[in-house]
Amino acid sequence: MAKWCSNMLDQSIGSICAGTEVGWCAAKALQDALRLQGIEWDIRHSFSCELHAAKREYIKRRFPWIDIILADAIATSQGKGLALNYVLDPKGVTIPTPKSRWKMAGFPCDDVSTLNKWASRFTGCIDRAEARTGGVFRAVADMVKQDNE
């Protein structure tokens, strides 16, 4: 049983937008609990993605084992992720976008936030993949589609 579960549970996680790394923390806690039951779960955090440099720096400090921090979810979805391996340089190096079995994503809400006095201009932006909110939502959907092809 444990071997069957292990084979079924080989996983990698990609997190998109600061704060979604918390899902990795939950998965890691589950991995530790399963290990106590004799079940090995091979889980890796394959990449993280965040547009803002200060948030990338925070991710690197808080989660130092993440080797690949990508700068832009939209470029990432098009296979042009900007890798920031250990160097928090927004220009980075162009690499193939890492694949991951699981995606944990958040979406910037600034465009549609009730705190944005121009939010009414962005009604329906997700459906049309417009503005930052709709663009990131579409990018994440594209990444999931690519990984399942």
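This is a short tour of the model, stop by stop, with a selection to make at each one.

The model is predicted, so local features are taken only where pLDDT is at least 70 and side-chain atom pairs only at pLDDT 80 or more, while totals for chains, interfaces and linings use all residues. Residue numbers run from 1 along each chain as its sequence is written, and side-chain values use heavy atoms, with hydrogens and water left out.

Begin by selecting proline 98, which lies in the loop between S5 and S6; strands here are DSSP runs of E with at least two residues, and helices are runs of H or I with at least four, both numbered from the N terminus. Proline 98 is buried because its relative accessible area is 15%, where buried means under 20%, exposed over 50%, and partly exposed in between, for a 1.4 Å probe and protein chains only. Leaving aside residues up to four places away in sequence, show Ser46, Phe47, Ile68 and Leu70, which proline 98 touches, a contact being heavy atoms within 4.5 Å. Then add serine 12, which is 86 residues from proline 98 in sequence but 9.9 Å from it in space, C-alpha to C-alpha.

Next select lysine 99, found in the loop between strand S5 (93–94) and strand S6 (102–105). With a relative accessible area of 57%, lysine 99 is exposed. A distance label drawn from its C-alpha atom to that of glutamine 146 should read 8.6 Å, although 47 residues separate the two along the chain.

Move on to alanine 129, in the loop between helix H5 (125–128) and H6, where phi is positive at about 55° although the residue is not a glycine. Alanine 129 counts as partly exposed, at 27% relative accessibility. Then select alanine 131, which is placed in helix H6 and has a positive phi near 60°, again in a residue other than glycine. The relative accessible area of alanine 131 is 32%, so this residue is partly exposed.

Finish with phenylalanine 137, which sits in helix H6 (residues 131–147) and is partly exposed because its relative accessibility is 35%. Show it as a surface together with Phe107 and Ile126, since these three form a nonpolar patch with about 240 Å² of accessible area together. Accessible areas come from the Shrake-Rupley method with a 1.4 Å probe, and for residues only the protein chains shown count as cover. Patches are made of residues with over 30% relative accessible area and no salt bridge, joining like charges within 9 Å and nonpolar side chains (Val, Leu, Ile, Met, Phe, Trp, Tyr) within 5 Å; a salt bridge is a side-chain nitrogen of Lys or Arg within 4 Å of a carboxyl oxygen of Asp or Glu.
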